[in-house]
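I opened this notebook to keep track of what I looked up, entry by entry, in a structure that was new to me. I began with empty space inside the protein and then turned to helix packing and the backbone.

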Amino acid sequence: MDDKPISMTPPPEGYADWLAELKDRIHNAQQRATQAVNRELVLLYWQIGQDILRRQAEQGWGAKVIDRLAHDLRTAFPEGKGFSRANLMYMRAFAEAWPDAEIVQQAVGQLPWGHNLALLSKLKEPAERLAYAHAALEHGWSRNVLVMQIETRLLERQGAAITNFDARLPKPQSDLARESLKDPYRFDFLGLAAESQEREVEEALVRHVTEFLLELGAGFAFVGRQVILDVGGEEFFIDLLFYHLKLRCYVVIELKTGKFKPEHLGQLGFYLTAVDRQLKAEQDNPSIGLLLCKSKNKVVAEYALSDKSQPMGIAEYKLLESLPSELQTGLPSIEQIEQELGETKG
């Protein structure tokens with residue numbers, strides 16, 4: 001009699017592939033179910049908020065009605081964790097911020113409630129809220145990452161670097177390349193003072209490469225620091241080398257702790273030529289250069305780029321600086337709501 005554990009029994013041919021396919025299907029179904037539950041919950045909260053707004057407007061009910069409603073709903077649903085006064089206030093604010101049900105169903109309704117609390121607390125303008133909502137959906141940001149991106153003004157910095165991409169790259173690659181760069185880059189996470197030297201910044205960026213990649217944005221893959229290139233028997237070192245998965249090209253990053261000077265682009269151009277000849281594969285697009293400096297004169301940077309034949313961008317980077325203060329609202333804190341909801345994840 002064969003008494004081997006079932007896990008030790010050799011599976012039939014093709015079983016492993018079938019099992020992997022089933023796991024993917026189950027995982028995807030579970031994700032869709034979770035998303036459906038989330039959409040229904042957010043829509044319910046929006047509807048409750050709409051009811052509160054309408055009844056207060058039509059019947060003159062004051063703020064006290066929210067206290068009474070919170071008490072009655074928690075009495076009716078003792079196991080529920082979403083009907084505190086604080087969360088009802090957020091429902092009202094949520095409905096006021098998004099009067100159009102279509103937006104709730106198509107955009108913000110796909111985000112968890114904690115993400116929506118962050119959008120309400122951190123941003124005033126509907127257009128800004130919607131832009132960050134779309135970005136969070138596209139990139140799968142957690143709530144903490146969403147808050148960080150809002151506080152560092154990601155979308156306002158995106159595509160702001162000075163480049164020559166329109167003249168040196170074909171469309172739509174030039175548009176994607178331009179949107180892939182920012183100005184300025186925020187390296188607050190390094191904990192370095194503004195007077196730190198280039199080598200210190202490089203070393204710290206590699207130590208915090210996860211945060212660095214997050215700041216660079218979607219698509220960047222780290223290749224190496226101080227990458228050696230042998231040209232004519234001489235060794236040259238690239239500060240930081242990346243590969244962009246969407247642009248399908250290498251990205252050479254050079255750091256300068258001082259003000260931008262036109263001659264910096266000569267060195268960057270040399271590295272781009274070397275990378276294209278030694279590292280670039282036939283299917284890769286031409287490499288892109290990014291010069292990061294502490295400060296720059298916009299007109300000087302534009303002049304310096306205008307006659308360069310290789311695609312390059314110039315942007316500033318910021319070290320330890322205070323973040324913009326959070327917008328003050330009369331709403332309870334996100335942390336307070338999450339504690340009441342019993343959430344453990346962003």
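**Entry 1: the cavity.** I looked up the largest cavity before anything else, and its volume came out at about 40 Å³. The model I am reading is a predicted one, which I note here at the start. When I searched the whole structure with a lower limit of 30 Å³, I found 1 cavity of that volume or more. I then asked which residues line the largest cavity. The lining is made by Phe165, Ala177, Ser180, Leu181, Phe220, Leu247, Val251 and Ile288. Sorted by class, these lining residues are 7 nonpolar and 1 polar, with no charged residue among them.

**Entry 2: a pocket.** I went on to the second largest pocket, for which I noted a space of about 410 Å³. Its lining has 21 residues, and those closest to the centre of the pocket are Glu138, His139, Gln158, Gly217 and Ala218. Which helices supply at least two residues each to this lining? I wrote down α6 (126–139), α8 (154–157), α10 (173–180) and α12 (209–216). By class, the lining of the second largest pocket holds 11 nonpolar, 6 polar and 4 charged residues.

**Entry 3: α2 and α3.** I next looked up how helix α2, residues 64–76, packs with helix α3, residues 85–97, and found an angle of about 120° with the axes 9 Å apart. An angle of about 120° falls outside the range of 65 to 115 degrees for roughly perpendicular and is not over 145, so it counts as oblique, and α2 and α3 are therefore oblique to each other. The crossing of these two helices, α2 and α3, is right-handed. From α2 the contact uses Ile66, Asp67, Leu69, Ala70 and Leu73, while α3 brings Arg85, Leu88, Met89 and Arg92. I sorted the residues of this contact between α2 and α3 into 6 nonpolar and 3 charged, with no polar ones.

**Entry 4: α3 and α5.** Staying with α3, I looked at its packing with α5, where the axes come within 11 Å and cross at roughly 70°. The two helices, α3 and α5, are therefore roughly perpendicular to each other. Is the crossing of α3 and α5 left-handed or right-handed? I recorded this crossing of α3 and α5 as left-handed. On the α3 side I listed Asn87, Tyr90, Met91, Ala93, Phe94 and Ala97, which meet Trp113, Asn116, Leu117, Leu120 and Ser121 of α5. The contact of α3 with α5 divides into 8 nonpolar and 3 polar residues, and no charged residue takes part.

**Entry 5: α5 and α7.** I then followed α5, residues 113–122, to α7, residues 143–151, and noted that their axes come within 9 Å and cross at roughly 20°. That angle makes α5 roughly parallel to α7. The crossing in which α5 passes α7 is right-handed. Here Gly114, His115, Ala118, Leu119 and Lys122 of α5 meet Arg143, Leu146, Val147, Ile150 and Glu151 of α7. By class I entered 5 nonpolar, 2 polar and 3 charged residues for the contact of α5 with α7.

**Entry 6: the backbone.** I closed with the backbone, keeping in mind that most residues other than glycine have a negative phi, and most peptide bonds are trans. Arg153 has a positive phi of about 55° although it is not a glycine, and I placed Arg153 in the loop between α7 and α8. I also looked up the bond between Lys171 and Pro172, which is a cis peptide bond with omega of about 5°; Pro172 sits in the loop between α9 (165–168) and α10. A cis peptide bond also runs from Asp183 to Pro184, with omega near -5°, and Pro184 belongs to the loop between α10 and β2 (185–186).

Definitions and conventions. Residues numbered from 1 in each chain as written. Predicted model: local features only at pLDDT ≥ 70, side-chain atom pairs only at ≥ 80, totals over all residues. Heavy atoms only, no water. Axes fitted to C-alpha atoms, helices over the stretch in contact; angles between N-to-C directions. Helix = DSSP H or I, 4+ residues; strand = E, 2+ residues; numbered from the N terminus. Parallel < 35°, antiparallel > 145°, perpendicular 65-115°, else oblique. Left-handed = near helix turned anticlockwise from the far one by under 90°. Contact = heavy atoms within 4.5 Å. Nonpolar A, V, L, I, M, F, W, Y, C, P; charged D, E, K, R; others polar. 1 Å grid on protein atoms, 1.4 Å probe; cavity = no way out; pocket = protein on both sides within 12 Å on 5 of 7 lines; lining within 4 Å. Points joined across faces, edges and corners; volume = space filled by probe spheres on them.
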